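User: Please take a close look at a single part of this structure, and set out in one connected account what can be said about it.

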Amino acid sequence: MTDQKSTIAFVRTHMLEQLPPPRGEVGPAKWIKENLFSGWFNTILTLLSIFVIYTALSSIIPWVFGGVWSASSLAECREILDGAHAACWAVINERWQQIFYGTFFPSSEYWRTHVAFVLLLVAIAPVLFETVPRKLLFVTVVYPFLMVWLIWGGSLWGPIGVAAGFIVAYYAGKIASNYTGSGLSALIAIVAALVWWFFVGPLVVGMLDSVVPLLPLREIQSRELGGFVISMIIGVSGIALSLPIGIVLALGRKSDLPLVKMMCVGFIEFFRGVPLITLLFTASLLLNYFLPPSVTFDLTVRVIVMVTIFSSAYMAEVIRGGLAALPKGQYEAADALGLDYWQAQRLIIMPQALKISIPGIVNTFIGLFKDTTLVFFIGIFDMLAAAQSIRANSEWNGITWELYIFIGLIFWVCCFSMSRYSQWLEQKLRTDHR
Amino acid sequence: MTTMIDPPKADGFRISQLLYDTRYRAITIQVIAVIAFAMIAVFLLVNVNRNLASLGKEIDFGFLSNPSNYDIQQVLVDYSSQSSNLRAAYVGLLNTLFVAFLGCILATLIGVTAGVLRLSKNWLVAKIMTVYVETFRNIPVVIWIIATMAVLSEALPQPRAFRGENPDASMWLWDSVAVTGRGTYIPRPEWGAGSIFVVITFLLSLVAIWAFGRWSKRRFEATGQILPNVWIKLAIFAVPTLLVFFILGRPIALVSPALKGFNFQGGIQLSNSFLALWLALSVYTGSFIAEIVRSGILAISKGQSEAAFALGMRPSRTMNLVILPQALRVIIPPLISQFLNLTKNSSLALAVGYQDLRATLGGTTMNNTGRELECMLLMMMIYLVVSLLISSGMNVYNKSMKLKER
């Protein structure tokens, strides 16, 4: 063995220094080679995209950033630009109130929409994020009543009266449940609330109002609302209402009771089958035919109802998909634990089904929010109507892009943040081990 | 002992069982639901009756056979202002279906391309497609329709720009297509003698393609050999028709539009309202389809493509034989519901004045005759039938594609 070793010509006695990898295999160079120029097809694609990006940006950037921000009319704007092709953002600068608050909203009351908006953020924060203190949920509960008071004005007694109906229902149900079963006491609670809302409540509120009006605000009619505010009102109410209604419809569609199921299927298929615009026209033109002559509904309320019904039909289908995706074992396990139908839904089925359908639910929300633009066609003064009236104005006649880009940007920010939130939530709730 | 416990009733029925016994509760709930539903329905019908009576109207569809007294810009079948309101509604429906059909095709093309490119290994292309998808998905379609209309009517040259020795604008595609601010003019085919044979040959070759596809699939399943299907199908598609076309001495001619007076004459005019609606709906829906295609392809587990590579399949064949057949099962149902959405969104033609079903039956006819109730009900029913037809088509397809579990 020993002399064999001596015949070996070379034995390395120490390790060599590690060499750095070849220049082309690290850092940006490698990344570019792999992601942009791997093969002739990829190279062509890259060059083509660079060309597209260049042509797009070379016309957009000067237009956007070379724009004029202060001018009082389009003519003045053009004068300042002096033939250059650039945006006239001055229109936004001059008329942003009209786009945000609508044409008729009294400017002395703008602060109310600001307060309502900030409170909205506070109210939805505990719903969206678990880390927010749970006590803020109180704001969430009272927010709908506060919002009505802030936007439409009047005395605070009215919203308090409506809210009291829920408290009445709660206590009526609680007392009744001492004497009878849960089904009957729920019925009693509902009857008590209805009695309060239609008979007792208005009397009490009227009396309190005449004695001491609580924090009265200037009343604002629905037709004075407009712009981003009305989109927000319709969008947020529709979103808040369509989820619970959608859940009920989905459960109805999955139910074993044939008649209930039939009604739910009919409802869902009808509202999914017709365009929203026809429903909105129905709300604005036909609703008077279906109501007793003395009853009239505010147009905004009609629109909220229609938008809610429309998107709850979509919501029902999304949630039905989530329910269908649950393995049958989950239902059987719930039965085996002795849970009744509602307990099983609340504790076992719905948490999982809703988690599965988060992307669909948020997509429906986004669709609903975008659909609020359609109210423009039935004469509600939303942002599109504001744009229309600004364009019809002699000072700004001929302006197009700046307004629509601005409105589009507002929608984009809202919808994009919703979809990002849903992705984040999905990531957070993911429990499978990947 | 005379005080005894009541003997348990063997099969007596107590009223409370209706509420607490699960055997009867189902019936109770349904009866209550039906009664509530019936009460609401009766309430609405009674109100409608009373309101109509107080207005001195009654439900009457007779107005449908009266002359419509208005013109429609784009007509696909014979129509004049003397035609009936029903005919006008029919023309409107055809316009709706026309833009919906073309929109579905274009949206699918755009969406599939964007979806596949978004998965591309090329970083730049993938990012551009992400920007496209996120921009279009998150802005309402009405804004896109209005913006497209503004581009078409304001940024495009007027017909007079085409005139003169040195015109400011020129026609596209060898002087056959004129894109102007007043609409786009495309060549009109002129059917000469013998053109019927060309058409018949074309239809026959479509049948032949279908037959060849079936035969080649059966051959593949029996022998495992794959023919160059795409090329053969393309040959069947083009060669016989072209042969007949030239043998018969080119019976079908294309008449290009030409500038006469103030406007173009001779071609087919596609109005700007149609183009704006079509393009905006397609590009908007395309962004949704792109997401569907992307998630459909991603839904196929990586093991499938790895297994295919392990068997020695080429990437293109892996895509065609392994990934796509499985991905399609995921893609098709949401794709069809996007088609449905596109069809319903075509009612936003309102924003640009394209005369679809809503503009004829639910617009001018309704305003002229004052029959809101009848017009709206009829219009909703028509939309409903169209939607149900599309979705039942989807169900048939779903059933045929479903995994056969045994």
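Analyst: In this predicted model, 29% of the 406 residues of chain B count as buried. Chain B contains 12 helices and 7 strands, and its radius of gyration is 30 Å, whereas a compact globule of 406 residues would have one near 22 Å. Along the principal axes, the C-alpha atoms of chain B fill a box of roughly 120 × 75 × 45 Å. Among the contacts in chain B with a separation of 6 or more, 67% join residues that are 24 or more positions apart.

Chain B also meets chain A, with 44 residues of chain A in contact with 44 residues of chain B. On the side of chain A that touches chain B, helix 3 (40-65), helix 9 (182-211), helix 11 (258-273), helix 12 (276-290) and helix 18 each supply at least two residues, and helix 12 of chain A gives the most, with 9 residues. By residue class, that side of chain A divides into 29 nonpolar, 14 polar and 1 charged.

Within chain A, helix 18 (401-429) is also among the elements that cover the buried residues of helix 5, as are helix 4 (74-81), helix 6 (110-128), helix 10 (227-254) and helix 17 (383-392). The buried residues of helix 5 (residues 90-101) include Ala90(A), Val91(A), Arg95(A), Gln98(A), Ile99(A) and Tyr101(A), and this helix is followed by Gly102(A), whose phi is positive, near 85°. As for the division of chain A, domain 1 takes in 96-105 + 223-429 and domain 2 takes in 155-216, with 28 Å between the C-alpha centres of the two domains.

Terms used:
Residues are numbered from 1 along each chain as its sequence is written. Chains are lettered from A and ligands numbered from 1 in the order in which they are written. This is a predicted model: local features need pLDDT of at least 70, side-chain atom pairs count only at pLDDT 80 or more; totals for chains, interfaces and linings use all residues. A residue is buried if 20 or more other C-beta atoms lie within 10 Å of its own, exposed if 12 or fewer, and partly exposed in between; C-beta atoms are placed from the backbone. Helices (H or I, at least four residues) and strands (E, at least two) are DSSP runs, numbered from the N terminus. Two residues are in contact if their C-beta atoms, placed from the backbone, lie within 7 Å. Domain bounds come from an automatic or database domain assignment. Ala, Val, Leu, Ile, Met, Phe, Trp, Tyr, Cys and Pro count as nonpolar, Asp, Glu, Lys and Arg as charged, and the others, Gly among them, as polar. The radius of gyration is taken over C-alpha atoms; the globule rule is 2.2 Å times the number of residues to the power 0.38.
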